Amino acid sequence: MGEDKQNWHLQQSVHYMAMFVEPGKHRSGRRRVQQARSLPGKKEKGPTPEEAIQKLKETEKILIKKQEFLEQKIQQELQTAKKHGTKNKRAALQALRRKKRLEQQLAQTDGTLSTLEFQREAIENATTNAEVLRTMELAAHGMKKAYQDMDIDKVDELMADITEQQEVAQQISDAISRPVGFADDVDEDELLEELEELEQEELARELLHVGDKEEEPPVKLPSVPSTHLPAGPAPKADEDEDALKQLAEWVS
């Protein structure tokens, strides 16, 4: 409320001083201002999107603080009206009137804040879209530069040459792997017929000489030896009996 009063008094003072300015000088000064604004080379440079967004954020903070201040004042006036009540009806009505004015200011502030937020979001979206567009344009230039030395006709010719070379390479491989010499002049079917005739002749010859085969001589086995093998050593039990007999004779 103190700032509003100061601004109001300042505006009244400026208006009061303007009344004493000579009309000619006042009009000439205003004309010079208009001429300066209309000069083609004197165009003022507008703010960048980043500057506009920053300014909007600062103004939003100011309006938010104003909202908090108005809400506090509204609560104070409401408490004042409750305090006086029916005891001091005049003071209570004045508090309610101030409360209504503060509520109107709060509604206006809310609307202004919503407008600023909408503008800031619109500028941010526009900035993002512009950045995306610049990136896409840069990518398009890069792609154009990458393909500037390429021609679709040359690419088709190159692919045709590659296909032709692959066919030539395949033909060379087939020629190298193909057998050379007399094998090219011989028919495989003729060879098979000749082989079959040889087999038939061999089979007929075997059938004719089945009974003429001589019997195979019997296998001779080695003869059994006629000499007797030497006897093995005497058993150990007989040696013990002889020793016992000798001992008995010596005792007796």
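What share of the 252 residues in the protein chain is buried? I looked that up before anything else, keeping in mind that this is a predicted model. Buried residues come to 8% of the chain.

**Entry: the overall layout.** I went through the secondary structure and found seven helices and zero strands. Along the sequence the pattern reads α-α-α-α-α-α-α. Then I checked the contacts with a separation of 6 or more: 78% of them are between residues 24 or more positions apart. For the outside, I got an accessible surface of about 23,700 Å². Carbon and sulfur atoms hold 56% of that surface.

**Entry: helix α3.** I picked out α3, which runs over residues 49-84 and has 36 residues. From first C-alpha to last, α3 reaches 52 Å, close to the 52 Å expected at 1.5 Å a residue. Next I looked for its buried residues, and they include Ile-53, Leu-56, Leu-63, Leu-70 and Ile-74. Glu-60, Gln-67 and Glu-77 are buried in α3 too. Part of what covers the buried residues of α3 is α4 (89-146). Just after α3 I noted Gly-85, which takes a positive phi of about 55°.

**Entry: a nonpolar patch.** On the surface I found a nonpolar patch of about 820 Å². Its members are Met-143, Tyr-147, Met-150, Ile-152, Val-155, Leu-158, Met-159 and Ile-162. Helix α5 (residues 152-177) gives the largest share, five residues.

Is Met-159 buried or partly exposed? I checked this residue of helix α5. Met-159 counts as partly exposed because its relative accessibility is 47%, and partly exposed lies between 20% and 50%.

Methods:
Residues are numbered from 1 along each chain as its sequence is written. This is a predicted model: local features need pLDDT of at least 70, side-chain atom pairs count only at pLDDT 80 or more; totals for chains, interfaces and linings use all residues. Side-chain values use heavy atoms; hydrogens and water are left out. Helices (H or I, at least four residues) and strands (E, at least two) are DSSP runs, numbered from the N terminus. The expected span of a helix is 1.5 Å times one less than its number of residues. Buried means under 20% relative accessible area, exposed over 50%, partly exposed in between (1.4 Å probe, protein chains only). Contact means heavy atoms within 4.5 Å. Patches are made of residues with over 30% relative accessible area and no salt bridge: like charges are joined within 9 Å, nonpolar side chains (Val, Leu, Ile, Met, Phe, Trp, Tyr) within 5 Å. Accessible areas come from the Shrake-Rupley method with a 1.4 Å probe; for residues, only the protein chains shown count as cover. A salt bridge is a side-chain nitrogen of Lys or Arg within 4 Å of a carboxyl oxygen of Asp or Glu.
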